[in-house]
Amino acid sequence: MKLVPLGDRVVLKQLDAEETTKSGIVLPGQAQEKPQQAEIVAVGPGGMVDGKEVKMEVKEGDKVIYSKYAGTDVKLDGDEYVIVRQNDILAIVE
């Protein structure tokens with residue numbers, strides 16, 4: 001199965017959370033903070049959204065930072081994804 005986003009939506013796959021702190025303390029699964037960094041898996045076509053023309057400025061494969069509480073979590077074929085609107089993406093990591 002494949003996720004195909006509509007409008008100005010983007011499908012993200014979160015990068016793995018840090019398992020140890022910089023000082024070397026190992027964190028259990030519940031203590032790990034949800035990472036805000038992800039890789040783009042699919043990008044919608046853009047177009048007219050809420051009466052405004054939206055041009056997609058991100059592409060598949062980009063690594064991005066997105067808003068902490070943005071998007072909808074989706075599980076598909078055992079993988080977890082987050083679907084967000086393009087304006088919830090804060091920066092592209094180069």
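Which residues touch the most other members of the largest nonpolar core? The views below work towards that core and then past it. The model shown is predicted.

**View 1. The whole protein is built from strands.** The secondary structure comes to 0 helices and 8 strands. Read along the sequence, the pattern is β-β-β-β-β-β-β-β. The protein has 94 residues, and 27% of them count as buried. Its accessible surface comes to about 6700 Å². Carbon and sulfur atoms account for 51% of that surface. Now take the contacts between residues at least 6 apart in sequence: 65% of these join residues at least 24 apart.

**View 2. An open sheet holds 6 strands.** Their order is β6-β7-β1-β2-β5-β8. The pairing is antiparallel. At the edges are β6 (72–76) and β8 (89–93), and each pairs on one side only. From one strand to the next, the twist averages 40°. In general, strands of a sheet pair through backbone hydrogen bonds.

**View 3. β1 sits between β7 and β2 in the sheet order.** β1 and β7 run antiparallel and are joined by 4 bridges. β1 and β2 also run antiparallel, with 5 bridges joining them. V10 shows both pairings. V10 stands opposite V84 in β7, and V10 stands opposite V43 in β2.

**View 4. β6 and β7 form a hairpin.** The two strands run antiparallel, and 5 bridges join them. One pair to find is V74 and its bridge partner in β7, Y81. The hairpin has 2 residues between the strands. Look for D77 here, which takes a positive phi near 55°.

**View 5. β2 pairs with β5.** The sense is antiparallel, and the pairing runs over 3 bridges. Pick out A38 to see one bridge: its partner in β5 is V64. A38 returns in View 9, where it is in contact with D62.

**View 6. The largest nonpolar core has 14 residues.** Here is the reply to the opening question. V10, L12, I40, Y66, V84 and I89 touch the most other members. Several elements give two or more residues to this core: β1 (9–14), β2 (37–43), β5 and β7 (79–85). V84 is a good residue to follow. Leaving out residues up to four places away in sequence, V84 touches D8, R9, V10, L12, Y66, A70, G71 and I89. That list includes V10, the residue that stands opposite V84.

**View 7. D8 is a buried residue in the segment before β1.** Is D8 buried or exposed? The cut-off for buried is under 20% relative accessible area. D8 has 5% relative accessibility, so D8 counts as buried. What does D8 touch? Not counting residues up to four places away in sequence, the list is V49, V54, M56, V84, R85 and Q86. With one of these, R85, there is also a polar contact between side chains, at 3.2 Å.

**View 8. R85 lies in strand β7.** R85 has a relative accessible area of 26%, so this residue is partly exposed. Its side chain and that of D8 are joined by the 3.2 Å polar contact. Which residues does R85 touch, not counting those up to four places away in sequence? They are D8, R9, V49 and D50. R85 and R9 are 76 residues apart along the chain. Yet their C-alpha atoms are separated by 4.3 Å.

**View 9. D62 lies in a loop between two strands.** The strands on either side are β4 (52–54) and β5 (63–66). Is D62 buried or exposed? Its relative accessible area is 10%, so D62 is buried. A polar contact of 3.0 Å joins its side chain to that of K59. Leave aside the neighbours within four places in sequence, and D62 is in contact with A38, E39, I40 and I92. Among them, I40 is one of the core residues named in View 6.

Methods:
Residues numbered from 1 in each chain as written. Predicted model: local features only at pLDDT ≥ 70, side-chain atom pairs only at ≥ 80, totals over all residues. Heavy atoms only, no water. Buried < 20%, exposed > 50% of the residue type's maximum accessible area, 1.4 Å probe, protein only. Polar contact = N/O pair within 3.5 Å; in protein donor to acceptor, adjacent residues only side chain to side chain. Contact = heavy atoms within 4.5 Å. Core = buried A, V, L, I, M, F, W, Y, C linked by side-chain atoms within 4.5 Å. Pairing = 2+ DSSP bridges. Axes fitted to C-alpha atoms, helices over the stretch in contact; angles between N-to-C directions. Areas by Shrake-Rupley, 256 points an atom, 1.4 Å probe, with all protein chains shown as cover.
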